[in-house]
Amino acid sequence: MSCIRARGLRKAFGSTIALDGVDLTVEAGRIVGLIGPNGAGKSTTLHAIVGLTACEGELEVLGRDPWAQRGSLMHDVCFIADVAVMPRWMRVGQALDFMAGVHPRFDRARAESFLARTTIRHASRIRDLSKGMVTQLHLALIMAVDVKLLVLDEPTLGLDILYRKQFYDTLLNDYFDGDRTILVSTHDVAEVEHILTDVVFLDRGRIVLDASMEEVQDRYLEVVVGPDRLAAARALRPLHERTLLGRSILLFDGVAREPLAALGEVRSPGLADVFVALMGGTQTAREAA
Amino acid sequence: MTRDPEPLSDAPAVAVPTWPAPLRTFYWLIRRELWEHRVLYIAPAAVAALGVIGTFIGSLHLSNAERAARLADPASTYDYMEPFGFVAGTVFLGGVVVSILYCLAALHGERRDRSILFWKSLPVSDLMTVLSKAAVPTLLMPVIVFTLVVVAHLAVAALTSLVWLANGFDPRLLWAELDLPFLWTVLAYGLTFMTLWHAPVFAWMLLVSAWARRVPFVWALAPLAAIAIVGRLAFGAGPTFSHLAGRLTGGFTGPFTVGSRGEAPVTSLADLDPARLFGQPGVWIGLLVAALFLFAAIRLRRSRSPI
């Protein structure tokens, strides 16, 4: 059974179409990055998956309908919306008590041991913690819950770079065990690139790319071409072209390595470059329309 | 990952593991409300404290002659009871005011500060959440009010006794007149009825709290005011107007046999009339309306996102 199975998800807010037929399958044990520009429909997708919003189409998460069965689904799913959602009036100790009280899968000792690595004290109120500390607290609570699926919606938004790096390192080192599934959305590709097994690009409510990282590596190649070979390179129909320090960098989709090697230095593009190549195209089309 | 064998916190692990899961969740949801809204018990407690202080000062400047005169006339024993009734009434009123403010904030605040996304990330259904919030004014508040009134009554009786002793006047006379168990029985009975009577008011406030994007207080009052104004002008001080006013302010004398206008004091247990309590259609209609409002609030909370 797939962890998440979505078919033809559609959602409109008034005349704005947030999701325009999203098909998505996430298998257990994957770390999937949901990447797209602001307003692409990332949050709406994640909210649908954790039962916060109803939408048209078929959606099954761990064998349940999230909208109809949110209460029971959340036994097996954890969700971090963004850093600002912990209740500000609550004390850290109360948050631990409450989690232990209502969540049957919460391991209090584990949360305490995560918190012991930080400077967060039990008596502190959440409103008195820094943004980074609130994220540490939320992560400590979430990582102490033994669930099958963790959904993260821009979890590091507004944090400084030290906390951002620490966030993903902790997640990978102390949480991910190969059985769990993580679905994380972000508009910052570089931040999550190194932890992902799969990547989904979303733009204006549609999926632009849905592939494993290996597939991305196999499919996309970048060639650095001098001016003399530019015309030959362009004949191979690059997906995207940019100029850097007087040389052209062309990104190809599904072109074999050998003919490209004859044109110049071939390398694997970063996920950010693939993202720009794919999204930049739609951006241009959008502006032209 | 290294696991610590012992929790680092010195806070004792709360031992309620044998409860069935829904009850356990409900218990923690109620505690959560008390953590967030400490005013729920602080404000009525402050009112009770003021009542004790006021009664104490009152007992100071009563002369022994007056004390004796009042005790001598059986018809005036009510005067001794009067401060006790007054304290109970003001604490109850304080409880109602805080309950209304609480209900208006309960489902609105969590959307305003976005914490609804945190609460909804936990395995707690909207049904359970809304019911726990409805239980605060209807189950918890009566218990808080009752407890505070009992404590205040004991404090008033003890302080008055001390004043009497200091003036060389036998406090046993007071205790012979004072029937606290009777007062508390009437109080428990009255609280039960008033809670049933006010249930649709609280449920309405919760519904508005779940619905309104801004100023739930105004949205809660506006339709009532509109109905009252139109009803008053269209039909005179007739059915709609008096019914709304009665729902908010009336009902105190409903379950007693002392007359509909409360002119006579309740003096014995015979004045308590449960048949009148449960025989009033208004009580049952109110509960039905409350259930509908709560159902709507649960549906709304399910689809509501932060504002």
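# A tour of chains A and B

Begin in chain B of this predicted model by selecting B:Leu40, which sits in helix α2, running over residues 39–60 of that chain. Is B:Leu40 buried or exposed? With 21 other C-beta atoms within 10 Å, B:Leu40 is buried, because the cut-off for burial is 20 or more such atoms. Show its surroundings next: leaving aside residues up to four places away in sequence, B:Leu40 touches B:Leu34, B:Val98, B:Tyr102, B:Val136 and B:Ile144. To get a sense of scale in chain B, add B:Ala234 to the selection, since the C-alpha atoms of B:Leu40 and B:Ala234 are 39 Å apart in space, while 194 residues separate the two in sequence.

**The annotated spans of chain B**

Colour the stretches 39–63, 83–107, 139–166, 186–208, 215–235 and 282–300 of chain B, which carry the annotation "transmembrane region" in an unreviewed UniProt entry. Two of these spans can be looked at in turn. Residues 83–107 of chain B are 96% helix and 0% strand, with end C-alpha atoms 37 Å apart. Residues 215–235 of chain B are 95% helix and 0% strand, and here the end C-alpha atoms lie 30 Å apart.

At the start of the latter span, stop at B:Val215, which is placed in the loop between α9 (180–211) and α10 (216–235) of chain B. The phi angle of B:Val215 is near 35 degrees, a positive value in a residue other than glycine. B:Val215 has 13 other C-beta atoms within 10 Å and therefore counts as partly exposed.

**Helix α1 of chain B**

Now select residues 21–36 of chain B, which form helix α1. For its 16 residues, 1.5 Å a residue predicts a span of 22 Å, and the end C-alpha atoms are 23 Å apart, which agrees. Which residues of α1(B) are buried? They are B:Thr25, B:Trp28, B:Leu29, B:Arg32 and B:Glu36. These residues cover an arc of only 105 degrees around the axis, so they lie on the same side of α1(B). The spacing can be read against a general rule: an α-helix has 3.6 residues a turn, so residues three or four places apart point the same way. Among the elements that cover the buried residues of α1(B) are α3 of chain A and α7 (126–166) of chain B, and α3 of chain A leads on to the contact between the chains.

**Where chain A meets chain B**

Show both sides of this contact, to which chain A gives 34 residues and chain B gives 29 residues. On the chain A side, α2 (70–73), β5 (77–80), α3 (92–102) and α4 (108–116) each supply at least two residues. Which element gives the most to this side? It is α3(A), with seven residues. Coloured by class, the side of chain A that touches chain B has 19 nonpolar, nine polar and six charged residues.

**Inside chain A**

Hide chain B and look at chain A as a whole, where eleven helices and 13 strands are found. Its C-alpha atoms fill a box of roughly 70 × 40 × 35 Å along the principal axes, and buried residues make up 44% of its 289 residues.

Select helix α5 of chain A, residues 131–143, whose 13 residues should span 18 Å at 1.5 Å a residue; the end C-alpha atoms are 18 Å apart, which agrees. Ten of the 13 residues of α5(A) are buried, so this helix is largely enclosed by the rest of the structure. The buried residues include A:Val134, A:His138 and A:Met143. Their cover includes β5, α3, α4, β6 and α6 of chain A.

From β6 move to A:Glu154, in the loop between β6 (149–153) and α6 (161–175) of chain A. The phi angle of A:Glu154 is near 45 degrees, again a positive value in a residue other than glycine. A:Glu154 counts as buried because it has 20 C-beta neighbours inside 10 Å.

**The two domains of chain A**

Finally, colour chain A by its domain assignment, with domain 1 at 4–204 and domain 2 at 216–288. The C-alpha centres of these domains lie 34 Å apart, and eight residues of domain 1 are in contact with eight residues of domain 2. On the domain 1 side, α7 (189–192) and β8 (198–203) of chain A each supply at least two residues, and the largest share, three residues, comes from β8(A). By class, the side of domain 1 that touches domain 2 has six nonpolar, no polar and two charged residues.

How values were computed
Residues are numbered from 1 along each chain as its sequence is written. Chains are lettered from A and ligands numbered from 1 in the order in which they are written. This is a predicted model: local features need pLDDT of at least 70, side-chain atom pairs count only at pLDDT 80 or more; totals for chains, interfaces and linings use all residues. Domain bounds come from an automatic or database domain assignment. Two residues are in contact if their C-beta atoms, placed from the backbone, lie within 7 Å. Helices (H or I, at least four residues) and strands (E, at least two) are DSSP runs, numbered from the N terminus. Ala, Val, Leu, Ile, Met, Phe, Trp, Tyr, Cys and Pro count as nonpolar, Asp, Glu, Lys and Arg as charged, and the others, Gly among them, as polar. UniProt positions are given in the numbering used here, feature names are shortened, and annotations may be inferred rather than shown by experiment. The expected span of a helix is 1.5 Å times one less than its number of residues. A residue is buried if 20 or more other C-beta atoms lie within 10 Å of its own, exposed if 12 or fewer, and partly exposed in between; C-beta atoms are placed from the backbone. The arc is that of the directions from the helix axis to the C-beta atoms.
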